[in-house]
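Got the viewer open? Grab your mouse and let's take a short walk through this model, one selection at a time.

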Amino acid sequence: MASHTTFSWIALHLLAVLLAPASAQDPTAGFTAVSLSESNFQLQKPYNMPSSARYSFDGTVRRIWVLSSDEPFSPQSDTKPRTEMRMAGYDYSSGVWQFEGSVYVPSSTSGVSIMQVFGGSETATTLMLHVYNGALRYYNQKPVEDNVYDRWLRVNVIHDVGASRFTVFIDGENKLSVGGRGGNSHYFKFGVYTQRDASSRMESRWKNVRILKKN
């Protein structure tokens with residue numbers, strides 16, 4: 001009887017292990033964070049607005065917003081309204097690089113890019129993460145994560161330049177692997193950049209932003 005009970009317990013334990021969800025990974029393993037100061041965070045905003053009208057930082061959370069009726073970031077630009085943080089000082093053209101940050105998207109926000117990797121061969125970007133009606137997408141195409149509104153998500157974007165490959169993790173889970181779009185020089189951006197079918201007001205909040213390079 002004891003051996004039968006032991007066998008049953010082992011079988012149930014193995015079944016539980018097999019049915020358990022995959023544990024979160026650490027996408028930053030094997031990477032080293034670079035040194036960042038406020039000078040590395042360069043704000044791009046509607047050119048006729050003071051920074052305080054579209055951005056705030058309390059020392060922990062960067063709150064970034066824009067209106068669909070806003071002007072572009074320069075008088076000469078014909079791009080749509082944006083308030084974005086351009087990560088300066090770490091442009092790259094080779095190697096394996098990673099962007100990490102925790103993001104919160106309010107439920108009123110849609111039709112917007114919240115993160116991008118600049119520098120494609122035929123398009124301005126080689127990767128963008130958009131939010132449409134509560135879903136995080138690769139551009140306006142592949143779904144990455146559903147139900148992103150009103151909660152904090154940890155986003156890790158790994159760019160292997162030599163392989164022309166991106167891997168996107170959400171809360172430590174691999175959610176997307178996709179080819180890049182070429183380009184010779186790249187850098188990371190985050191915030192809000194108006195896309196199609198945009199809400200009248202778009203906002204994203206960010207904390208714990210880091211850039212890492214593979215060892």
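## Stop one: a salt bridge

Select R63 and E203 and show their side chains: the two meet in a salt bridge, with 2.9 Å from N to O. Keep in mind as you look around that this is a predicted model. The pair ties together distant parts of the chain, since R63 sits in strand β4 (residues 62-67) and E203 in strand β15 (residues 201-214), 140 residues apart.

Now turn on the surface. Is E203 buried or exposed? E203 counts as buried because its relative accessibility is 2%, which falls under the 20% cut-off. R63 is partly exposed, with a relative accessible area of 31%.

## Stop two: who else holds on to E203?

Stay on E203 and add R201 to the selection. These two form a salt bridge as well, and their closest N and O atoms are 2.7 Å apart. R201 is partly exposed, at 29% relative accessible area. Next, bring in R205: salt bridges that share partners join R63, R201, E203 and R205 into one network.

## Stop three: another pair

Hide those and select R151 with E145. Here too the side chains meet in a salt bridge, 2.9 Å from N to O. Which of the pair is buried? E145 is, with a relative accessible area of 13%, while R151 is partly exposed at 29%. If you feel like hunting for others, the count for the model comes to 12 salt bridges.

## Stop four: strands side by side

Switch to the cartoon view and colour residues 96-104, which make up strand β6, and residues 152-160, which make up strand β11. How many bridges link β6 and β11? There are 9, and the strands pair in the antiparallel sense. To see one spot where they face each other, select Y104 and look across to W152 in β11, which stands opposite.

While you have side chains switched on, follow them along a strand: in a regular strand they alternate between the two faces of the sheet.

## Stop five: round the hairpin

Keep β11 coloured and add strand β12, residues 165-170. β11 and β12 also pair in the antiparallel sense, over 6 bridges. Pick N156 and look for its bridge partner in β12: that is F169.

Last, zoom in on the turn. The hairpin of β11 and β12 has 4 residues between the strands, and S164 takes a positive phi near 50 degrees there.

Conventions: Residues numbered from 1 in each chain as written. Predicted model: local features only at pLDDT ≥ 70, side-chain atom pairs only at ≥ 80, totals over all residues. Heavy atoms only, no water. Pairing = 2+ DSSP bridges. Helix = DSSP H or I, 4+ residues; strand = E, 2+ residues; numbered from the N terminus. Salt bridge = Lys/Arg side-chain N within 4 Å of Asp/Glu carboxyl O. Buried < 20%, exposed > 50% of the residue type's maximum accessible area, 1.4 Å probe, protein only.
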